[in-house]
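User: I am in my first year and would like to learn how the terms used for a protein model are justified. Could you take me through one, setting each value against its definition?

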Amino acid sequence: MSKFNANLDEAKKAELAVVQMFKRAGREAWLNGGDNRACDVYLKGASGNIPIEVKADWLSLATGNVCIEPQTLEHTKAEFFIYLLPRPYILETPKLRALYSQYKKVEGGDQGKPLALVPKEQFYLHTKELIRE
């Protein structure tokens, strides 16, 4: 299996985990089965479906940084992002775009575009933890 396919499998597992998390909380949520650039998950809201992008950044456990990919920000129609670090944190898309523009860029990721590395402590200031134990 290629690295791309392995990453895609991990992404789908993360998306499914977010859908299951919402369902356990009594909310209606489902995977995006259509436009793959729109978002990953939809959550039923009071005034319509809420598009959500899901990211899993397991490497952040070792690095202490959260990686933000520019290609996702360029194409998404999501109102919110949920990052699994491994616990789920949510933030609005405009806040994520602002974080991307504020922090150091490094080469890497898909398509060779520069990634932003945001220290976790700073990332947490802009997010809300979805599940507390």
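Analyst: The turns below go through salt bridges, burial and strand pairing in this structure. This is a predicted model, in which local features need pLDDT of at least 70 and side-chain atom pairs count only at pLDDT 80 or more, while totals for chains, interfaces and linings use all residues. Residues are numbered from 1 along each chain as its sequence is written, and side-chain values use heavy atoms, with hydrogens and water left out.

User: Why is the contact between glutamate 10 and lysine 13 called a salt bridge?

Analyst: The term requires a side-chain nitrogen of Lys or Arg within 4 Å of a carboxyl oxygen of Asp or Glu. For glutamate 10 and lysine 13 the closest N and O atoms are 3.6 Å apart, so the pair meets the definition. In general, side chains of opposite charge can pair when their charged atoms come close. Both residues lie in helix α1 (residues 3–24), 3 residues apart, which is about one turn of the helix; helices here are DSSP runs of H or I with at least four residues, strands are runs of E with at least two, and both are numbered from the N terminus.

User: What makes lysine 13 exposed, and which class does glutamate 10 fall into?

Analyst: Buried means under 20% relative accessible area, exposed means over 50%, and partly exposed is in between, with a 1.4 Å probe and protein chains only. Lysine 13 has a relative accessible area of 53%, so lysine 13 is exposed. Glutamate 10 has 36%, and therefore glutamate 10 is partly exposed.

User: How many salt bridges does a search of the whole structure find, and what does the one between glutamate 74 and lysine 113 tie together?

Analyst: The search finds 5 salt bridges. In one of them, the closest N and O atoms of glutamate 74 and lysine 113 are 2.9 Å apart. Glutamate 74 lies in helix α3 (residues 70–75) and lysine 113 in the loop between β7 (105–106) and β8 (115–119), so this pair ties together parts that are 39 residues apart in sequence. Glutamate 74, at 47% relative accessibility, counts as partly exposed, and lysine 113, at 25%, counts as partly exposed as well.

User: How do you know that glutamate 129 is buried, and what is its salt-bridge partner?

Analyst: Glutamate 129 has 16% relative accessibility, so it counts as buried. Its side chain meets that of arginine 87 in a salt bridge, at 2.4 Å from N to O. Because glutamate 129 lies in strand β9 (residues 128–129) and arginine 87 in the loop between β5 (80–84) and β6 (88–92), the pair ties together parts that are 42 residues apart in sequence. Arginine 87, at 30% relative accessibility, counts as partly exposed.

User: What makes β5 and β6 a pair of strands?

Analyst: Two strands pair if DSSP finds at least two bridges between them. There are 5 bridges joining β5 to β6, which run antiparallel, so the pair satisfies the definition. Leucine 84 stands opposite proline 88 in β6, and a hairpin joins the two strands through 3 residues. On the β9 side, β6 is joined by 2 bridges, again antiparallel, and isoleucine 90 stands opposite lysine 128 in β9. As for burial, β6 is mostly covered, with 4 of its 5 residues buried.

User: Why are β1 and β9 said to stand at the edges of their sheet?

Analyst: The open sheet of 6 strands has the order β1-β2-β3-β5-β6-β9, with mixed pairing. β1 (29–31) and β9 each have a single partner strand, so one side of each is left without a neighbour in the sheet. The parallel sense appears between strand β3 (residues 48–56) and β5, which are joined by 5 bridges, whereas β2 and β3 pair in the antiparallel sense over 5 bridges.

User: How do you know that the side chains of β2 alternate?

Analyst: In a regular strand the side chains alternate between the two faces of the sheet. Along strand β2 (residues 41–45), Val41, Leu43 and Gly45 point to one face and are buried, while Tyr42 and Lys44 point to the other and are not. Tyrosine 42 in β2 stands opposite tryptophan 30, and the bridge partner of leucine 43 is isoleucine 50 in β3.
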